[in-house]
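Work through the exercises below with the model open. Try each task before reading its solution.

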Amino acid sequence: MAGPAAPSVPSSRWRVAPPWPLPALLSWGASWAALRLLLLRGWPMGGALVVAALIGVLLSLWGKSWWRKAVIAAGFPVSFALSLPMLGLGDMPAWVWLLPLVLMLLVYPVNTWADAPLFPTPAKALRPLPGLAPLVPGARVLDAGCGLGHGLLALRQAYPQAQFYGLEWSATLRWLCALRLPWAHIRRGDIWLADWSGYDLVYLFQRPESMPRAVAKAAKELRPGAWMVSLDFEAAQLVPTASYTASNGKMVWMYQTPFVFARS
Ligand SMILES: C[S@@+](CC[C@H](N)C(=O)[O-])C[C@H]1O[C@@H](n2cnc3c(N)ncnc32)[C@H](O)[C@@H]1O
């Protein structure tokens, strides 16, 4: 597609992780350092605790599996609660014990567990898209379940002249994504309840189990000529318009409406 050069885009910050258990130790240390710094600056204990614990939640993205993420995020609040008597704060409220759970829920609200947890789109995975699924300048592109915005960054590299929209269930991720990508319209919402009819391309990086639901929704709502693009997970009931293997080995599947259904 002709047009201005693609804006330079920062690469993923979460892909480089030190070996385990360094991420956990560094995250806990960062939370404790933040707590100490904020208290020294005169912050109230409650506020300083929440900020320190949120740092742990953000750094939990370093964890490569669920249990590692949980260990990173829960480490600071648990160690804080255990050290209350030593800190002479034995009368801290009982909710301190709930902090790890609440913080995990903030990042991965329960209803997204049925769909996809946070795995970012690799930075270069969508580069071949424009040659296979061309869009006109100004086209509207939705990342359904945009997480921290890695998919949108990769899409913007592919289609520098498009308009970008992100929908994310987690309020924390939505907020962080909007902060990282001021050029995109990021909303909090459920991708299954949203209307997809206004988009020229809907990008999904969800789960294999989500694909039949995505096909049904896209077939009903997308305009003729619009695209559904899925990273890693094929829509088995459709014949893909095109597909390719990205440099990291993940498949990218493209389906243009009206869909062609595969014979069973
Ligand atoms: C695998 S991540 C992909 C993130 C981003 N699209 C990317 O490619 O970098 C899936 C994201 O979808 C979000 N998600 C899952 N189910 C959702 C739903 N029903 N509505 C909105 N967001 C959802 C998750 O919170 C998570 O951030």
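**Exercise 1. Check the length of helix H1 (residues 22-40) against its residue count.**

Solution. This is a predicted model. Helix H1 has 19 residues. At 1.5 Å a residue, H1 should span 27 Å. The expected span is 1.5 Å times one less than the number of residues. The end C-alpha atoms of H1 are 27 Å apart, which agrees.

**Exercise 2. Find which residues of H1 are buried, and where they lie around the helix axis.**

Solution. Start with the list. The buried residues of H1 are Pro23, Ala24, Ser27, Ser31, Ala34, Leu35 and Leu38. Now look down the axis of H1. The buried residues fall within an arc of 105°, so they line one face of the helix. Recall the helix geometry: with 3.6 residues a turn, residues three or four places apart point the same way.

Next, turn to the face of H1 directed away from the buried side. Exposed residues Arg36, Leu37 and Leu40 sit there. Then ask what covers the buried residues. The cover includes helix H2 (45-59) and helix H3 (66-82). Last, step past the end of H1. Glycine 42 follows H1, and its phi is positive, near 90°.

**Exercise 3. Decide whether cysteine 146 and cysteine 177 are bonded or unbonded.**

Solution. A disulfide is a covalent bond between the sulfur atoms of two cysteines. The cut-off here is a sulfur pair within 2.5 Å. The cysteine sulfur closest to that of cysteine 146 belongs to cysteine 177, at 4.0 Å, too far for a bond. Cysteine 177 is likewise in no disulfide. A search of the whole structure finds 0 disulfides. Check burial too. Cysteine 146 is buried, with a relative accessible area of 4%. Cysteine 177 is buried at 0%.

**Exercise 4. Place leucine 179 and state whether it is buried or exposed.**

Solution. Leucine 179 is in helix H7 (residues 171-180). Its relative accessible area is 58%. The cut-off for exposed is over 50%, so leucine 179 is exposed. Now compare sequence with space. Leucine 179 and glycine 149 are 30 residues apart in sequence, and their C-alpha atoms are 9.8 Å apart.

**Exercise 5. Describe the largest nonpolar core.**

Solution. Count first: the largest nonpolar core has 55 residues. Leu129, Leu155, Tyr159, Trp196 and Met228 have the most contacts inside this core. Then trace the suppliers. Elements giving at least two residues each include strand S1 (140-144), helix H6 (150-158) and helix H8 (211-221). The largest share, 5 residues, comes from H6. Finally, a second, separate core has 10 residues, among them Ala34, Leu38, Ala48 and Ala53. Ala34 and Leu38 are also on the list of buried residues of H1.

Terms used: Residues are numbered from 1 along each chain as its sequence is written. This is a predicted model: local features need pLDDT of at least 70, side-chain atom pairs count only at pLDDT 80 or more; totals for chains, interfaces and linings use all residues. Side-chain values use heavy atoms; hydrogens and water are left out. Helices (H or I, at least four residues) and strands (E, at least two) are DSSP runs, numbered from the N terminus. Buried means under 20% relative accessible area, exposed over 50%, partly exposed in between (1.4 Å probe, protein chains only). The arc is that of the directions from the helix axis to the C-beta atoms. Contact means heavy atoms within 4.5 Å. A nonpolar core is a set of buried Ala, Val, Leu, Ile, Met, Phe, Trp, Tyr and Cys residues joined through side-chain atoms within 4.5 Å.
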